Amino acid sequence: MLLDPLGPGGDRRFQPAVYDRTADTASSPRIFVSTALEKTVDRAVIRERRVSPQADVERRWRERYIPSQQLSFATARPTGHADIIVHNDEPHHPVWEIRAH
């Protein structure tokens, strides 16, 4: 399976395609990684703590990045085009869903 390398015991190497035996062809599904917007702010604070004050990081994310994500979700609807959604609110325990189109 495409995401096995990213799961528990996986080697963490991205695999861009898998062989679909039923269709007798390579398959390269679209994958969307989902994280709650509030969690992205918390992660940005941790990631940028050495270079930016917490208030600056939070302001930047709340005023710029979150609104751009909300616009993207409203206009492009990326989850509607994804074959696989990885719910990554808990990075050590991601959960994925495979969607039939």
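Within helix α2 of this predicted model, R59 and E63 sit four residues apart, which is about one turn of the helix. Their side chains meet in a salt bridge with an N to O distance of 4.0 Å. R59 is partly exposed, because its relative accessibility is 41%, whereas E63 counts as exposed because its value is 57%.

Side chains of opposite charge can pair when their charged atoms come close. The count of salt bridges comes to five, and one of them joins the two helices: the side chains of R62 and E38 meet at 2.9 Å, N to O. R62 belongs to helix α2 and E38 to helix α1 (residues 37-48), so this pair ties together parts that are 24 residues apart in sequence. R62 is partly exposed, because its relative accessibility is 39%, and E38 is likewise partly exposed, because its own value is 41%.

A further salt bridge is formed by K39 and E90, whose closest N and O atoms are 3.5 Å apart. Since K39 lies in helix α1 and E90 in the loop between β4 and β5, the pair ties together parts that are 51 residues apart in sequence. With a relative accessibility of 30%, K39 counts as partly exposed, and E90, at 46%, is also classed as partly exposed.

The table lists these salt bridges, which are among the five in the count.

| Pair | N to O distance |
|---|---|
| R59 and E63 | 4.0 Å |
| R62 and E38 | 2.9 Å |
| K39 and E90 | 3.5 Å |

The helices and loops named so far belong to a protein chain with two helices and five strands, which follow one another along the sequence in the pattern β-β-β-α-α-β-β. The radius of gyration of the protein chain is 17 Å, well over the 13 Å that the globule rule gives for 101 residues, so the chain is more spread out than a compact globule. Along the principal axes, its C-alpha atoms fill a box of roughly 55 × 35 × 20 Å, and 22% of the 101 residues count as buried.

Three of the strands form an open sheet in the order β3-β4-β5, with mixed pairing. Its edge strands are β3 (31-34) and β5 (95-98), each of which pairs on one side only, and the twist from one strand to the next averages 20°. Strands β3 and β4 (residues 84-87) run parallel and are joined by four bridges; I31 stands opposite I84 in β4.

I31 also takes part in a nonpolar patch on the surface, together with F14 and V33, and the three have about 290 Å² of accessible area together. V33 is found in strand β3, and this residue counts as partly exposed because its relative accessibility is 49%.

Two loop residues have a notable backbone angle. D24, which is not a glycine, has a positive phi of about 55° and is found in the loop between β1 (18-20) and β2 (25-27). D24 is exposed, because its relative accessible area is 55%. R77, also a residue other than glycine, has a positive phi near 45°, and its place is in the loop between α2 (54-75) and β4. R77 is exposed as well, because its relative accessible area is 53%.

Conventions: Residues numbered from 1 in each chain as written. Predicted model: local features only at pLDDT ≥ 70, side-chain atom pairs only at ≥ 80, totals over all residues. Heavy atoms only, no water. Pairing = 2+ DSSP bridges. Axes fitted to C-alpha atoms, helices over the stretch in contact; angles between N-to-C directions. Patch = residues over 30% accessible without salt bridge, like charges linked within 9 Å, V, L, I, M, F, W, Y side chains within 5 Å. Areas by Shrake-Rupley, 256 points an atom, 1.4 Å probe, with all protein chains shown as cover. Buried < 20%, exposed > 50% of the residue type's maximum accessible area, 1.4 Å probe, protein only. Rg over C-alpha atoms; globule rule 2.2 N^0.38 Å.
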